[in-house]
Amino acid sequence: MRCADGRDRDSPVIVVKGSAIIVGAGDALGGAIARRFARGGLIAIPSRRKIKPLGELVAQIESEGGAVEGIPCDARDEEAVAAMFDRAENEIGPVEVLVFNAGAQHRSSILDMTTRIYRQVWESATFAGFVTGREAARRMVERGRGTIIFTGATASIRGGANFASFASAKHALRALAQSMARELGPKGIHVGHIIVDGMIDSEAVRTKFPDETEALPEGGMLDPDHIAEAYWAMHAQPKDAWTFETDIRPSVERW
């Protein structure tokens, strides 16, 4: 016998698994977010420009039993981003989550900063967020559901000395997230912004800021896996109690 939709009554129901694209899936926070969403049952799609470390992250998630498909992509390239979303939708699984976590931190006196550096930071932290956020929204609106989360920083709300380019870009990214949240919320899309207020415990941060990290007390750096829990919690919130913004910092952090 056949069902009203023409499917054989005894045939198995095919359940399509959703996916989570993590842009900026680096060695610390981005990778932790990808692992967390894979553990949550979604197909993780970590994305970054460097292919070798992306492959290492994919292998790690697979070894933990997670479903994953890495896609290398320059998030500043509009055509490449659109192609990544098309591939995810058509070959992997409908995109239920986008996390924009691309980093572009730069420290320099305004007296020495070049227009090239200022533009590069803006392209990586703001323009790329716009492109990826727009492509996610276009596909999610058709289904009336989805989660888009942008990673913020201390610089999202406070422009510190020598961080003019980074603070400008992060302020703009936060404004983009606010605008998208107000427009897309009524359409079923949860847009959120997570401010990471503190240093993330990673080799890259310890190498870039050796004096600052060595001076921190025990527990003074954020564990990437612990931060990732906040991303999953934001995605899992019921529609009647959505959070737009949350900030995370170590207990010893001054703020």
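**A tour from ring to ring**

Begin by selecting W122, which is partly exposed because its relative accessible area is 38% (buried means under 20%, exposed over 50% and partly exposed in between, for a 1.4 Å probe and protein chains only). Bear in mind from the start that this is a predicted model, in which local features need pLDDT of at least 70, side-chain atom pairs count only at pLDDT 80 or more, and totals for chains, interfaces and linings use all residues. Residues are numbered from 1 along each chain as its sequence is written, and side-chain values use heavy atoms, with hydrogens and water left out.

**Aromatic rings**

Leave W122 on display for a moment and turn to the rings in general, since a search of the whole structure finds 4 aromatic pairs (centres of Phe, Tyr or six-membered Trp rings within 6.5 Å; planes under 30 degrees apart are stacked, over 60 edge-to-face, the rest tilted). Select F37 together with W232, whose ring centres lie 5.2 Å apart with the planes at 70 degrees, so that this pair is edge-to-face. If you now follow the chain from one partner to the other, you pass from F37 in helix 1, residues 29-39, to W232 in helix 8, residues 224-236, so distant parts of the chain, 195 residues apart, are linked by this pair (helices are DSSP runs of H or I with at least four residues, strands runs of E with at least two). With a surface switched on, check both partners, because F37 and W232 are each buried.

Now go back to W122 and add F127 to the selection: these two rings have centres 5.6 Å apart and planes at 35 degrees, and the pair is therefore tilted. F127 counts as partly exposed, because its relative accessibility is 25%. Which residues do ring pairs link into a cluster here? Adding F130 to the view completes that picture, for ring pairs link W122, F127 and F130 into a cluster.

**Two buried polar side chains**

From there, select T132, which is found in helix 4, and which counts as buried because its relative accessibility is 0%. To see what its side chain meets, show the backbone of A128, whose oxygen lies 2.9 Å from a polar atom of the T132 side chain (polar contacts pair N or O atoms within 3.5 Å, one able to donate a hydrogen and the other to accept it).

Next select E96, placed in strand 3, residues 95-100. Is E96 buried or exposed? At 13% relative accessibility, E96 counts as buried, and when you display R145 as well, you can see that the side chains of E96 and R145 are joined by a polar contact of 2.7 Å.

**A helix residue and a loop residue**

Move on to R182, which is found in helix 5, and which, unlike the buried residues, is exposed, because its relative accessible area is 65%. With R182 still selected, add S251 and draw a distance between the two C-alpha atoms: R182 and S251 stand 69 residues apart along the chain, and 31 Å separates their C-alpha atoms.

End the tour at N162, which lies in the loop between strand 4 and helix 5. The backbone deserves a careful look here, as phi of N162 is near 75 degrees, a positive value in a residue other than glycine. With its relative accessible area of 38%, N162 is partly exposed.
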